[in-house]
Every structure is written in C-alpha cells, then in structure tokens.
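Please open the structure in your viewer and keep the selection panel at hand. The stops below move from one selection to the next, with a short account of what is there.

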Amino acid sequence: MHATDTDILAAAETWRRDGRDVALATVIETWGSAPRPVGSHLVIDGGGNFLGSVSGGCVEGEVITEGLDVIADGRSRILEFGVADETAWRAGLSCGGRIRVFLERVA
Amino acid sequence: MRIETLRALNAERAARRAAILVTDVGDGEQRLVREPDIAADPLAEALRAHLTSGRSGLVEAGGRQLFLTVQVPPVRLVVIGAVHISQALAPMAAALDLAVTVIDPRTAFATPERFPDVDLVPLWPDAALAGPVPPLDRYCALAALTHDPKIDDPALAAALRAGCFYVGALGSRKTHARRVERLTAAGFSEAEIGRIRAPIGLDIGAATPAEIALSVLAEIVAAGRAGGSA
C-alpha cells in the first residue's frame, strides 16, 4: 500500500473522531492506463473537504459529490468511470483508462 | 465502515503488523483479518496470496465480490557497515522503496559526505538498536557488511532473534564457518544460524561494490516475494 494512502486512513479516523461526517472512497478495480492504483483512497467530509486521490484529479469532483450522498443516506455504492462511460462527458478519464470506486460512510 | 474497524486497521499498521480488510462491495459488510488469523479463515488461500504480493484487489467468493485492502508494513533495510558496498546499496535500495538505515560505530566510515541523504547511525549495533533505530521485526532485512565480527555478530544475533525475513552476511565460506562456530557458542541453533545467507547475495558473479549491492538487493526481493515479507 502506498504510504500516502495509509495517511488517508489515519485522517479518516481522526476526522470521524473529531465528530465530522466522513465518507471513504477506494479504487477497487482498474483497466487500461488508470492514473491511481487499486487500493488508492480518498476521504471526504460533510463539508466537501477531501484528502487523497482516486484518479489524479479527473473524477474527484464526481466522487466528492457522491460522497456527500453516501454521508446523507449511509448506503455504500460502487462508481464506475471511464471514457466509454455515459458519465464521460462530465467526469471522464482523459488517459483512456477505466476505474471502479467503492464509496462507503465511516460511522 | 465502522469507526471501530477503521481504528483497528490503523492500530495494526501503527504496530507494524500485517492485516487485511475484507469488504463485500455488494452490501458494504466488512471484517478485519489479522495475519495470525489468516490460516483459519475461509478465504485463507486468497488472503495469503494477497499478503505475499502486498497488493490490494478484488476476489470472487460464493458469488460475491470481495475487496481485499492489504496492509503490509513497509520493509526496512538495516545495513551494518558504512562500507563501499553500502554506498552503492543505499541509493539502489531507496529506488526499491526500502527504508534504509546504515549503522557503523567507526566514525571515519559513517560520515554524511560518504552517505548523503542516508539515515546514518554512528553507533555500535546494540546501542543503535536499543535507541535511535526502531526495533527489528520480521518486516526488516539486515545485511551485515563490515567483515568485523565485533560489529557484525551482535547485529546478526539481534536479526535472528527478531525473526527478520532476510539476514545476510558478507564474507567467504571460511569466514562464515568461523561465524557459525561463534553463534553456536552463543546459543543459536543450527536452524536459526541456517537462516543467515552467506556468502551474501544471489550468485550473479558480482565483482564490483555496485554489483554486490545488486545481488544483495535481488536476494532481499526474492526472500520477500517468496513469502517472508514485502
């Protein structure tokens, strides 16, 4: 596991302990030239603050928006991004890769 | 994820213990499997394989998709001897993401000029390992390179006691035979002493310091990937 990704998990714990609402995103699968490896994390709080990266910037905005929904309803979900995806026009990976991201609430 | 699970995962990492978080990505159910509990786990085979590779990833089990978040302590390399080989070894080890520490009580050898940007500890190994250098564990590799038993032996003994996944010692077969006698007299068993790789390094016909460093690092990578660590 990448050193910075372990820092993300430490931050997720600290944020939650501090009483913030927290969602955690994890890259669970990649195809092609995905910018961040499987296991990469992004942590999001209820205010839209975030640490870490799942795609080097391409789809973070979308993941953060979905993260706020996960914080609201508590249901984990899987997001998929790629140039062939129907969401590509708003949040595609310019590199041509595809990624699946698991998003969960830390409660 | 429950905060208790996250806290437990972070605690395992802080203690330099391997653990795997198993997440059912269909319903979000999770459990943390600590390394000693892997053998008795229904997913033992997959968990062991992922721990050995050090890579997180998806597995299928019973028609469900499970994501394995693999957490393995970062490998440390402790080098005994601020010698010529170590000068070549330190930057090559850093390129392999190994955290390198060089220990040598001889202050003429252990100078920042000879080892720029290297964690250098100018102390006897016992003193270094009792203080400034974190304790050895099974996610450490130790390479003893001084040729001097007064410096190498205590470090080798500490590495064997700590169960380092790799323990190597420079020196000819004759030098090693004498080392075996000393360690036997110090109370180490044949099996324990047999864990020392000597002569050190894969046999690639290495001649220069950099080539010997390469052969040592290749041996460390092989030991790690064979399941010792990494």
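Select chain A and chain B together and look at where they touch: in this predicted model, the area buried between chain A and chain B comes to about 1,700 Å², with carbon and sulfur atoms giving 60% of that area. If you highlight the residues that make up this contact, you will have 24 residues from chain A and 23 residues from chain B.

Next, select A:E13 and B:R7, which form a salt bridge whose closest N and O atoms are 3.8 Å apart. Across the interface of chain A and chain B the rule finds one salt bridge, and it also finds eight residue pairs in polar contact, both residues of a pair being at pLDDT 80 or more.

Which elements of chain A give two or more residues to the side that touches chain B? Colour α1 (3-17), β1 (22-31) and β5 (98-106) of chain A, since these are the elements in question. The largest share of that side of chain A comes from α1(A), which gives seven residues. If you then colour the side of chain A that touches chain B by residue class, you will find 12 nonpolar, five polar and seven charged residues.

Stay with chain A and select residues 15-82, the span that an unreviewed UniProt entry annotates as "domain: XdhC- CoxI". Within residues 15-82 of chain A, 25% is helix and 35% is strand, and the end C-alpha atoms of the span lie 30 Å apart.

Now turn to the backbone of chain B, where three places in loops deserve a separate look.

Select B:R16 in the loop between α1 (3-14) and β1 (19-24) of chain B; although B:R16 is not a glycine, it has a positive phi of about 55°.

Move on to B:D117, which is found in the loop between β6 (99-103) and β7 (119-121) of chain B, and which likewise has a positive phi, here about 60°, although it is not a glycine. Is B:D117 buried or exposed? B:D117 counts as exposed because its relative accessibility is 85%, and the cut-off for that class is over 50%.

For the last stop, select B:A198 and B:P199, which are joined by a cis peptide bond with an omega of about -5°. To place this bond in the fold, note that B:P199 is in the loop between β10 (196-197) and α8 (209-228) of chain B.

Methods. Residues are numbered from 1 along each chain as its sequence is written. Chains are lettered from A and ligands numbered from 1 in the order in which they are written. This is a predicted model: local features need pLDDT of at least 70, side-chain atom pairs count only at pLDDT 80 or more; totals for chains, interfaces and linings use all residues. Side-chain values use heavy atoms; hydrogens and water are left out. Contact means heavy atoms within 4.5 Å. Buried area is the accessible area (1.4 Å probe) that two parts lose on being put together, summed over both. A salt bridge is a side-chain nitrogen of Lys or Arg within 4 Å of a carboxyl oxygen of Asp or Glu. A polar contact is a pair of N or O atoms within 3.5 Å; within protein, one must be able to donate a hydrogen and the other to accept it, and residues adjacent in sequence count only if both atoms are side-chain atoms. Helices (H or I, at least four residues) and strands (E, at least two) are DSSP runs, numbered from the N terminus. Ala, Val, Leu, Ile, Met, Phe, Trp, Tyr, Cys and Pro count as nonpolar, Asp, Glu, Lys and Arg as charged, and the others, Gly among them, as polar. UniProt positions are given in the numbering used here, feature names are shortened, and annotations may be inferred rather than shown by experiment. Buried means under 20% relative accessible area, exposed over 50%, partly exposed in between (1.4 Å probe, protein chains only).
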